[in-house]
Amino acid sequence: MSEVKKIATRESYGNALAELGAEAENLVVLDADLAAATKTGVFKKAFPDRHIDCGIAECNMMGIAAGLATTGKVPFASSFAMFAAGRAFEQVRNSIGYPQLNVKIGATHAGISVGEDGATHQCNEDVALMRTIPGMTVIVPSDDVEAKAAVRAAYEHQGPCYLRFGRLAVPVINDKPDYKFELGKGVVLREGKDVTIVASGLPVSNCLDAAEKLAADGIDAKVINIHTIKPLDEDLIIASAKETGKVVTVEEHSVIGGLGSAVCDVLSEKAPTPVRKIGVYDVFGESGPAVELVKKYGLDADSIYAKVKEFVK
């Protein structure tokens, strides 16, 4: 059996910007002294005149991006999620969100899979923060194919977007001829009748593996990839909940305010359904190898399998 191809979505971000930059002359990339880590250095090498290093001044970077957007440019402001969503929240809210400017925020190194960088850099709150900003589109791609498609979709979308990328290499699962990325539309990766697993980002591939393990136990799990947290594909979530009767959400993010909360908001109002949220349970991360942290915090295939099985039974 051939080895599964793995690529970090931050790599996809840098490559997608460089590809898009060759087509779109109004694309400008900003970074906060992290071009090597966010991979925007790929764009910088190709288009040095359209890359601006703002230094370790993320709040100022968001203000510059806002200003560029008023001139017709399409700026991608890039930094670690902890700084893009956390440190610069007020500027994102007031300088980008409030005037509804056409700024794209490329946030890399999100979640516990940042690994050895430790709790201060493992942002598990960014989706919750960005969801609260009116008019902000929030995208969490699951692999290389989806991340590249998301960058292009964000560029083509008129309005502020937050894109969340990871440091750890993840399996490529969407390399199929019929794959189509559409903002606000979930993707059914596996049909099932006993339980719906709704996932985003890094854990999506692990949910597919967990579903195979569940099938061996006679549990037929439907797996949905929700790459757009906001706007959420409410129709798909509601229909799947009614079809299977139980829903499990899985995310590399706090269970407070992220994908799980978005799903619960919809179902509690329109289709009350038992929901089990799998994610980071109201704790900070810690320093350690990324793969081991994913396992410790219950986001690996075996842990997801065990939790879903317990919930269904």
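**Exercise 1. Two helices, H9 and H13**

Task: In this predicted model, find the angle at which helix H9 and helix H13 pack, and classify the pair as parallel, antiparallel, perpendicular or oblique.

Solution.
- Step 1. Locate the helices: H9 covers residues 203-216 and H13 covers residues 301-312.
- Step 2. Read the geometry: the two pack at an angle of about 55 degrees, and their axes are 8 Å apart.
- Step 3. Apply the cut-offs: under 35 degrees is roughly parallel, over 145 roughly antiparallel, 65 to 115 roughly perpendicular, and the rest oblique. H9 is therefore oblique to H13.
- Step 4. Add the hand: H9 and H13 cross in a right-handed way.
- Step 5. List the residues that touch. H9 contributes Pro 203, Asn 206, Cys 207, Asp 209, Ala 210, Lys 213 and Leu 214, while H13 contributes Ala 301, Asp 302, Ile 304, Tyr 305, Val 308 and Lys 309.
- Step 6. Sort them by class: the contact of H9 with H13 holds eight nonpolar, one polar and four charged residues.

**Exercise 2. Helices H1 and H8**

Task: Describe how helix H1 crosses helix H8, and state which residues make the contact.

Solution.
- Step 1. H1 spans residues 9-21 and H8 spans residues 144-156.
- Step 2. Their axes come within 8 Å and cross at roughly 45 degrees. H1 and H8 are therefore oblique to each other.
- Step 3. The crossing of H1 past H8 is right-handed.
- Step 4. On the H1 side the contact is made by Thr 9, Ser 12, Tyr 13, Asn 15, Ala 16, Leu 17, Glu 19 and Leu 20; on the H8 side by Asp 144, Ala 147, Lys 148, Val 151, Arg 152 and Tyr 155.
- Step 5. By class, the contact of H1 with H8 has seven nonpolar, three polar and four charged residues.

**Exercise 3. The sheet of seven strands**

Task: Give the strand order of the seven-stranded sheet, name its edges, and find the helix H4 that packs on it.

Solution.
- Step 1. The sheet is open, with mixed pairing, and its order is E3-E2-E4-E5-E7-E6-E12.
- Step 2. The edges are strand E3 (51-53) and strand E12 (228-230); each has a single partner strand, so one side of each has no neighbour in the sheet.
- Step 3. From one strand to the next, the twist averages 20 degrees.
- Step 4. Inside the sheet, strand E4 (residues 74-80) pairs with strand E5 (residues 104-108) in the parallel sense over five bridges. Ala 77 stands opposite Ile 105 in E5.
- Step 5. Helix H4 (residues 58-69) packs on the sheet and touches strand E2 (27-31), E3, E4 and E5. The direction of H4 makes about 170 degrees with that of E4.

**Exercise 4. The sheet of five strands**

Task: Find the strand order of the five-stranded sheet and its edge strands.

Solution.
- Step 1. This open sheet runs E9-E11-E10-E13-E14, with mixed pairing.
- Step 2. Strand E9 (187-190) and strand E14 (275-280) are the edge strands, each pairing on one side only.
- Step 3. The average twist is 25 degrees from one strand to the next.
- Step 4. Strand E10 (residues 195-199) and strand E11 (residues 221-225) run parallel and are joined by five bridges. Thr 196 stands opposite Lys 222 in E11.

**Exercise 5. Gly 97**

Task: Is Gly 97 buried or exposed?

Solution.
- Step 1. Gly 97 lies in helix H6 (residues 89-97).
- Step 2. The relative accessible area of Gly 97 is 5%. Buried means under 20%, so Gly 97 is buried.
- Step 3. Leaving aside neighbours within four places in sequence, Gly 97 is in contact with Val 92, Ile 133 and Pro 134.

Conventions
Residues are numbered from 1 along each chain as its sequence is written. This is a predicted model: local features need pLDDT of at least 70, side-chain atom pairs count only at pLDDT 80 or more; totals for chains, interfaces and linings use all residues. Side-chain values use heavy atoms; hydrogens and water are left out. Two strands pair if DSSP finds at least two bridges between them. Helices (H or I, at least four residues) and strands (E, at least two) are DSSP runs, numbered from the N terminus. Axes are lines fitted to C-alpha atoms, for helices over the stretch in contact, and angles run from 0 to 180 degrees between N-to-C directions. A crossing is left-handed if the near helix is turned anticlockwise from the far one by less than a right angle, and right-handed if clockwise. Contact means heavy atoms within 4.5 Å. Ala, Val, Leu, Ile, Met, Phe, Trp, Tyr, Cys and Pro count as nonpolar, Asp, Glu, Lys and Arg as charged, and the others, Gly among them, as polar. Buried means under 20% relative accessible area, exposed over 50%, partly exposed in between (1.4 Å probe, protein chains only).
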